[in-house]
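Subject: Handover of a structure, with notes

Dear colleague,

Please find below the structure that I am handing over to you. My notes on it follow.

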Amino acid sequence: MRKFFALTGLLLIIGFTSFAQTIENPVVGIPEDLSARITKIETNTQFTAVSFEYTASGDNAWVQLNKEIFIQTDVNNEHYNYVKSDKIAIAPAKHFFAKAGDKLVFKVYFKKIPASAKTIDVVERPGFRTDGITFFNYYNISLTQSLPAGAVQKVKVTNVVLMPPPPVENLTDADQTLAGQNVMANAMNMMGPMYATMAKSLMDSQLDYYKQPGKIEELAKVNKQYFDALKKEGFTEDQALRVITTGGILSSITGGSGK
């Protein structure tokens with residue numbers, strides 16, 4: 001009888017662990033919002049939960065979560081949608097920070113992902129904005145590789161400081177103007193390659209994302225729904241087509257709202 005109970009207990013433990021998967025401080029391939037980091041990903045019999053730590057970048061900074069956030073895995077194109085969340089404001093509500101450096105720890109629960117998944121994407125809103133607003137978009141998150149305990153994944157940021165030209169004596173106003181123009185031209189020539197590299201990296205990241213199976217089809221479906229909705233609201237076909245082509249809701253270089 002003791003052997004029976006011992007064997008039953010062992011099978012229960014094995015059965016439970018087979019449905020559980022946890023990784024702390026996972027390696028993230030492409031993080032969009034550098035103010036937040038993913039601290040843990042847990043999958044049990046019901047949910048896949050992603051834990052975040054958000055650090056305010058300035059005084060009166062704010063953060064919110066859109067319920068449209070989802071997980072996509074390397075297994076298939078299925079979206080594992082938002083279920084619930086803890087300690088994070090849901091849009092349109094916002095959580096405001098008192099000062100820069102304040103932190104908010106929160107957790108988001110999604111439908112359970114397949115046990116065979118090796119990487120995931122967490123996507124709040126696909127695309128990029130030019131107004132500084134970012135989303136909880138994280139691509140190629142490893143479920144098998146994690147950073148050392150206490151380590152924080154860093155992104156190299158290069159600051160370019162343009163110094164004013166030194167004063168030049170005994171020059172006419174025209175000479176000083178010409179000298180200033182030459183200095184500015186030289187500075188722009190130096191900055192050009194840097195901006196070109198940044199733009200190429202951004203475009204390469206977007207192309208890699210949309211090359212994934214099903215992404216282009218998904219984009220087409222959303223834009224078709226947007227086109228139909230515009231016509232339903234009274235836009236002519238030409239007007240709706242112009243809106244789609246000049247700034248679709250999933251434009252390749254812009255995106256939706258955020259932090």
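A strand, as the word is used in this message, is a DSSP run of E with at least two residues, and strands are numbered from the N terminus. In that sense T43 lies in strand β3. Please keep in mind throughout that the model is predicted.

Overall composition and confidence

The protein chain holds four helices and eleven strands. Of its 259 residues, 31% count as buried. Among the contacts in the chain with a separation of 6 or more, 68% are between residues 24 or more positions apart.

The average pLDDT of the protein chain is 78, and 68% of the residues score at least 70. Confidence is highest in β9, at 96, and lowest in helix α1 (residues 2-18), where the mean is 51. Two stretches call for separate mention. Residues 14-18 have a pLDDT below 50, and this stretch makes zero contacts in the model beyond near neighbours in sequence. Residues 252-258 also have a pLDDT below 50, yet that stretch has 29 contacts in the model beyond near neighbours in sequence. Where pLDDT is low, the predicted coordinates should not be read in detail.

The sheet

Nine strands make up an open sheet with antiparallel pairing, and their order is β1-β3-β4-β9-β7-β6-β10-β11-β2. At the edges are β1 (21-24) and β2 (26-31), each of which pairs on one side only. From one strand to the next, the twist averages 30°.

Several of the pairings can be followed at the level of residues:

- β1 and β3 run antiparallel and are joined by four bridges; T22 stands opposite E42 in β3.
- β3 and β4 run antiparallel and are joined by seven bridges. These two strands form a hairpin with three residues between them. Across this pair, I38 stands opposite F52 in β4, and K40 stands opposite S51 in β4.
- β7 and β9 run antiparallel through four bridges, with S85 opposite V108 in β9.
- Strand β6 (residues 70-73) and β7 run antiparallel through three bridges. A hairpin of five residues joins β6 to β7, and Q72 has H79 in β7 as its bridge partner.

The nonpolar cores

The largest nonpolar core has 30 residues, and F52 and F136 are those with the most contacts inside it. At least two residues of this core come from each of β3 (36-43), β4 (47-55), β7 (79-86), β9 (103-111), β10 (119-123) and β11 (138-146). The largest share, four residues, is supplied by β9. As noted above, β9 is also where confidence in the protein chain is highest, at 96.

Which residues does F52 contact, leaving aside its neighbours within four places in sequence? They are R37, I38, T39, L104, V105, F106, V108, V122, F136 and Y138. Two of these residues have appeared already: I38 is the residue opposite F52 in the strand pairing, and V108 stands opposite S85. The list also includes F136, which shares with F52 the position of having the most contacts inside the largest core.

Apart from the largest core lies another, of six residues, and V123, Y209, Y210 and L219 are among them.

Two threonines

Is T43 in strand β3 buried or exposed? Its relative accessible area is 8%, and the cut-off for buried is under 20%, so T43 is buried. The side chain of T43 makes a polar contact with the side chain of T48, at 2.9 Å.

The other threonine is T119, which is found in strand β10. Its relative accessibility is 22%; because partly exposed covers the range between 20% and 50%, T119 counts as partly exposed. Not counting residues up to four places away in sequence, T119 touches Q72, T73, D74, N140, I141, S142 and L143. Of these, Q72 is the residue paired with H79 in β7. T119 and G29 are 90 residues apart along the chain, and their C-alpha atoms are separated by 9.7 Å.

With kind regards

How values were computed
Residues numbered from 1 in each chain as written. Predicted model: local features only at pLDDT ≥ 70, side-chain atom pairs only at ≥ 80, totals over all residues. Heavy atoms only, no water. Core = buried A, V, L, I, M, F, W, Y, C linked by side-chain atoms within 4.5 Å. Buried < 20%, exposed > 50% of the residue type's maximum accessible area, 1.4 Å probe, protein only. Contact = heavy atoms within 4.5 Å. Pairing = 2+ DSSP bridges. Axes fitted to C-alpha atoms, helices over the stretch in contact; angles between N-to-C directions. Polar contact = N/O pair within 3.5 Å; in protein donor to acceptor, adjacent residues only side chain to side chain. pLDDT = per-residue confidence, 0-100.
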